[in-house]
Amino acid sequence: MQLRFSRTNKELDELIDSLMNKAGVHHPEMIREMIISALKAGQENDYLADLKLMRTTMKEMRYTNKVFGPYRDRKKVTIFGSARTEPTEPIYQKCVTFSRMLAERGYMAITGGGGGIMQAGNEGAGAENSFAVNIRLPFEQETNPVMEKAKNVITYKYFFNRKVAFLKEADALALFPGGFGTLDEAMEALTLMQTGKNPPVPLILIDDDKGDYWENWFDFTKKTLLKKGLISGEDFSLFSITRDPAEAVQMIDDFYKVYHSSRFVRDTLVIRLNRTLTDEQVEILQSEFNEIIADGTRMKLCGPLPEEADQPDLLGLPRLALEFNHRSYGLLKALIRRINSFAGSTGGG
């Protein structure tokens with residue numbers, strides 16, 4: 001039987017409806033498509049290893065949402081860094097200080113759940129304000145003692161599922177010095193933000209007191225990538241570098257002074273705000289950032305669009321809508337900073 005996502009499967013559609021009614025599910029049309037996808041995979045693919053990958057991916061992502069779901073109303077910061085950093089090292093203690101300050105301001109910390117910088121992130125925030133997003137490895141990656149008995153622990157088989165959790169749940173990313181894994185996370189985060197595949201969030205590179213890790217990387221980026229034309233100057237707006245954990249925390253706070261979050265509804269970028277802007281402030285943004293919007297269009301204040309009903313907890317926020325050019329994501333971060341500069345003079349709450 002050839003299955004279709006449209007309701008043309010006759011008896012099978014009735015069986016799926018009956019199954020969902022008996023189980024009791026939210027958003028049955030979405031669940032129906034997931035069931036049909038699983039059935040189609042079983043029809044089309046007799047290679048067991050492929051089916052195992054699909055099955056495990058689904059199970060891991062379901063459990064991810066179960067663990068993070070109850071904390072949707074709290075902002076979270078994902079912390080990356082070396083598993084080999086010792087507690088006696090200054091950079092370890094800097095991470096403890098950073099994550100403790102985050103917790104004091106109401107943030108939660110997400111780490112990879114292992115030792116080194118990951119343990120420092122959980123230690124500073126405390127298990128009650130932390131998540132451990134672990135991975136099964138033959139070395140280096142047992143759950144750290146801060147989180148080994150905590151409830152917010154997930155252990156993944158697949159790196160790609162783990163990476164989704166790191167970024168999907170994060171309102172900011174903080175990267176301390178680390179090895180290949182840390183650099184991989186930094187490059188992936190930058191790539192996803194540069195291409196608009198991840199919403200704009202603060203990406204902060206926290207260096208040691210000598211500045212001999214991220215500042216060296218920054219020199220390479222300028223002298224090689226930028227010089228060769230492999231990136232553009234506006235890409236430097238995608239990240240910040242600091243040696244000071246207090247400054248790093250302040251950068252995250254400042255990012256959300258007025259800006260709340262954003263999403264695309266077709267070609268319209270909807271920027272959700274913690275407080276509304278005045279017409280005069282919108283005109284300032286229009287003038288200063290005209291190059292990032294489609295020709296002949298204007299930024300405008302608005303309420304939620306019908307397509308945003310899938311995020312009911314955000315419907316009460318004021319919005320700024322614009323037809324974004326889908327290219328200038330570095331300048332989009334600059335636009336958000338400019339919006340936040342109106343924190344002391346906005347027109348209402």
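In which helix is Met34 found? In this predicted model, Met34 belongs to helix α2, which comprises residues 28-44. Its relative accessible area is 36%; because partly exposed covers values between the buried limit of 20% and the exposed limit of 50%, Met34 is classed as partly exposed. With respect to the rest of the chain, the C-alpha atom of Met34 is separated by 28 Å from that of Ala189, a residue 155 positions away along the chain.

A second methionine to consider is Met58, located in helix α3, which covers residues 48-68. Met58 has a relative accessible area of 44% and is likewise partly exposed. Together with Met30, the residues Met34 and Met58 make a nonpolar surface patch of about 300 Å². Membership of such a patch requires over 30% relative accessible area, a condition consistent with the 36% of Met34 and the 44% of Met58.

The discussion now turns to a sheet. Four strands form an open sheet in the order β8-β9-β11-β10, and their pairing is antiparallel. The edges are occupied by β8 (259-265) and β10 (300-302); each has a single partner strand, so one side of each lacks a neighbour in the sheet. From one strand to the next, the twist averages 30 degrees.

At one of these edges, β8 pairs with strand β9 (residues 268-273) in the antiparallel sense, over 6 bridges. Within this part of the sheet, Tyr259 stands opposite Leu273 in β9.

Technical notes: Residues numbered from 1 in each chain as written. Predicted model: local features only at pLDDT ≥ 70, side-chain atom pairs only at ≥ 80, totals over all residues. Heavy atoms only, no water. Patch = residues over 30% accessible without salt bridge, like charges linked within 9 Å, V, L, I, M, F, W, Y side chains within 5 Å. Areas by Shrake-Rupley, 256 points an atom, 1.4 Å probe, with all protein chains shown as cover. Salt bridge = Lys/Arg side-chain N within 4 Å of Asp/Glu carboxyl O. Helix = DSSP H or I, 4+ residues; strand = E, 2+ residues; numbered from the N terminus. Buried < 20%, exposed > 50% of the residue type's maximum accessible area, 1.4 Å probe, protein only. Pairing = 2+ DSSP bridges. Axes fitted to C-alpha atoms, helices over the stretch in contact; angles between N-to-C directions.
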